[in-house]
Amino acid sequence: MSGLSVSNGFRRTPLRSAFVALALQALFAGAAMAAEPEIGLETAAPEAVGVDSALLVRMSEWIRKDKLDVRSLLIIKDGKLIFERYGDGLTRDHNYELYSVTKTITALTFGVLAGEGKIATTDRVAKWLLKDHPEFEQALGDKKDIELGHLMSMSSGLLYKQVEGSDPLYFQAPNRLKVALGTVPRIPPATLFEYTDANPVLVGAAMAAAAGQREDRYAEERLFKPLGMRNYRWTGADQTGTVSGGWGMRLRAVDMAKLGMLMLNDGQWQGKQVVPASWIRQMSTPSSQATAQDYGYYTWINHIVRSEPEFGAMGFKGQFITVLPKERAVVVMTGILATDGGLRTGTYLNQYRRMVNDYILPAMKTIPRPQVTEAAQQALRKELELSAQVKGVPGTGLAFNDAPEK
């Protein structure tokens with residue numbers, strides 16, 4: 001019985017405190033806690049890792065009362081899932097169209113392939129495409145100087161004229177690679193940052209040539225399965241069966257969080273080196289030939305947070321994986337928010353910046369360190385339950401692929 005004590009009804013004793021802490025950790029996320037446990041993803045109350053849940057509750061109230069169409073919002077701190085919010089009756093098992101978050105997944109997959117010595121950023125894209133597609137020799141004639149690193153840093157110099165509404169590069173192409181190779185070099189590589197979805201099409205095709213199999217199948221074997229992902233789907237294959245390296249990935253929010261943790265932990269997952277640590281540093285740092293200081297290899301850098309190191313992924317309409325190394329934290333969001341504005345000024349981007357900078361980061365920096373209490377966790381649980389009942393209003397038009405899937 002050494003070390004145990006009992007409650008006198010008024011004073012909290014060590015035994016009671018331990019019991020309360022365990023009970024609250026089991027209650028903190030409401031209905032989300034009923035989901036099947038995720039390998040490598042433990043749960044905890046926010047206060048158990050020094051995070052003030054009151055600020056997270058206020059953030060959720062703002063999202064709910066303004067009816068923002070935030071489908072999922074997760075926070076990982078010190079390896080623990082401390083906040084798991086879903087709207088409109090959605091659950092942990094739903095997956096979401098990630099749009100350009102797919103590009104960062106392509107970068108991670110590239111890192112695995114590079115770690116095996118099968119590909120490098122300095123390789124010329126023409127070398128790999130001609131290996132599998134000699135029929136495109138003429139189309140590659142004006143692209144001989146373009147390296148894979150140029151394509152991954154959005155500095156290839158290629159000009160692609162997008163067709164509004166039914167662009168053949170996306171879901172209408174019988175052969176997407178052929179469409180992408182129709183681009184014309186406008187300026188020399190490594191001259192100017194120009195975000196174009198033709199670039200990841202070429203990178204994905206080069207990766208397939210180096211791996212000896214389609215990008216999605218290689219990613220499944222080397223990335224998705226090792227992280228214990230479930231219910232994933234890489235959509236949008238063209239008539240040749242090829243997916244795009246730039247969009248079409250559907251993941252659950254918890255699996256997005258696993259990718260964030262992988263990047264936070266220098267490519268390690270549960271003690272296993274899945275992606276080389278050197279590659280994580282490389283993809284999240286502007287290259288020596290960088291044409292934008294806020295972009296690495298398909299990875300945004302200090303795009304959300306300016307006050308401390310931050311990097312991650314961003315997708316159209318409000319899909320995010322944000323890595324905060326100083327806080328040992330990851331934030332994930334999926335949603336359909338307003339799309340007006342550009343890559344660096346879009347409304348959906350600024351709304352997410354507000355969530356992270358005005359609520360999440362301050363919640364992690366509260367002094368004195370917040371304590372686990374019954375009242376705080378009951379307030380969080382109530383807010384998560386209310387949020388799950390609210391259907392947000394999409395900030396922009398819904399596409400055929402925007403519905404969550406289960």
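Visitor: In which sense do β4 and strand β8 pair, and over how many bridges?

Guide: The general idea comes before the case. Strands of a sheet pair through backbone hydrogen bonds, and the pairing is either parallel or antiparallel. In this structure, which is a predicted model, β4 and strand β8, residues 249-252, are paired in the antiparallel sense over 3 bridges. One residue pair shows the register: Y96 has L251 in β8 as its bridge partner.

Visitor: What is the strand order of the open sheet that contains β4 and β8?

Guide: The order is β4-β8-β7, an open sheet of 3 strands with antiparallel pairing. β4 (95-97) and β7 (233-234) are at the edges with a single partner strand each, so one side of each has no neighbour in the sheet.

Visitor: Which helix lies across β4 and β8, and at what angle does it run to β8?

Guide: That helix is α9, and it runs at about 95 degrees to β8. Helix α9, residues 253-264, also lies across β2 (70-77), β3 (80-86), β12, β13 and β14, where its direction is about 150 degrees to that of β14.

Visitor: What is the order of the open sheet of 7 strands?

Guide: Its strands follow the order β1-β3-β2-β14-β13-β12-β11, and the pairing is mixed. The edge strands are β1 (42-43) and β11 (300-301), each of which pairs on one side only. Helix α3, residues 101-115, packs on this sheet; it touches β12 (311-315) and β13, and its direction makes about 135 degrees with that of β12.

Visitor: How many bridges join strand β13 to strand β14, and which residue stands opposite F320?

Guide: Strand β13 (residues 319-324) and strand β14 (residues 329-335) are joined by 5 bridges in the antiparallel sense. Opposite F320 stands M333 of β14.

Visitor: I should now like to read the helix pairs. At what angle do helix α2 and helix α11 pack?

Guide: A helix pair is read from its angle, its axis separation and its contact residues. Helix α2 (residues 53-65) and helix α11 (residues 347-364) pack at an angle of about 160 degrees, and their axes are 8 Å apart. An angle over 145 degrees counts as roughly antiparallel, and α2 and α11 are therefore roughly antiparallel to each other. The crossing of α2 past α11 is right-handed. On the α2 side, the contact is made by L55, L56, R58, M59, W62 and I63, and on the α11 side by Q351, R354, M355, Y359, I360, P362 and A363. Sorted by class, the contact of α2 with α11 contains 10 nonpolar, 1 polar and 2 charged residues.

Visitor: Is α2 roughly parallel or roughly antiparallel to α12?

Guide: The axes of α2 and helix α12 (residues 374-388) come within 10 Å and cross at roughly 20 degrees. That angle makes α2 roughly parallel to α12. Their crossing is left-handed. From α2, the contact uses S53, V57, S60, E61 and R64; from α12, it uses A376, Q377, A379, L380, E383, L386 and S387. The contact of α2 with α12 divides into 5 nonpolar, 4 polar and 3 charged residues.

Visitor: At roughly what angle do the axes of helix α4 and helix α7 cross?

Guide: Helix α4 (residues 125-132) and helix α7 (residues 198-211) have axes that cross at roughly 60 degrees and come within 8 Å. This makes α4 oblique to α7. The crossing is left-handed. V125, W128, L129, K131 and D132 of α4 meet L202, A205, A206, A208, A209 and A210 of α7. By class, the contact of α4 with α7 has 9 nonpolar, no polar and 2 charged residues.

Visitor: Which peptide bond is cis, and which loop holds P368?

Guide: Most residues other than glycine have a negative phi, and most peptide bonds are trans. Here the peptide bond from I367 to P368 is cis, with omega near 0 degrees. P368 is placed in the loop between α11 and α12. As for phi, D88 has a positive value near 55 degrees although it is not glycine. D88 lies in the loop between β3 and β4.

Visitor: How many helices and strands does the protein chain have, and what is its radius of gyration?

Guide: The protein chain has 12 helices and 14 strands. Its radius of gyration is 22 Å, which agrees with the value near 22 Å for a compact globule of 406 residues. The C-alpha trace spans about 85 × 45 × 35 Å along its principal axes.

Key
Residues numbered from 1 in each chain as written. Predicted model: local features only at pLDDT ≥ 70, side-chain atom pairs only at ≥ 80, totals over all residues. Heavy atoms only, no water. Pairing = 2+ DSSP bridges. Helix = DSSP H or I, 4+ residues; strand = E, 2+ residues; numbered from the N terminus. Contact = heavy atoms within 4.5 Å. Axes fitted to C-alpha atoms, helices over the stretch in contact; angles between N-to-C directions. Parallel < 35°, antiparallel > 145°, perpendicular 65-115°, else oblique. Left-handed = near helix turned anticlockwise from the far one by under 90°. Nonpolar A, V, L, I, M, F, W, Y, C, P; charged D, E, K, R; others polar. Rg over C-alpha atoms; globule rule 2.2 N^0.38 Å.
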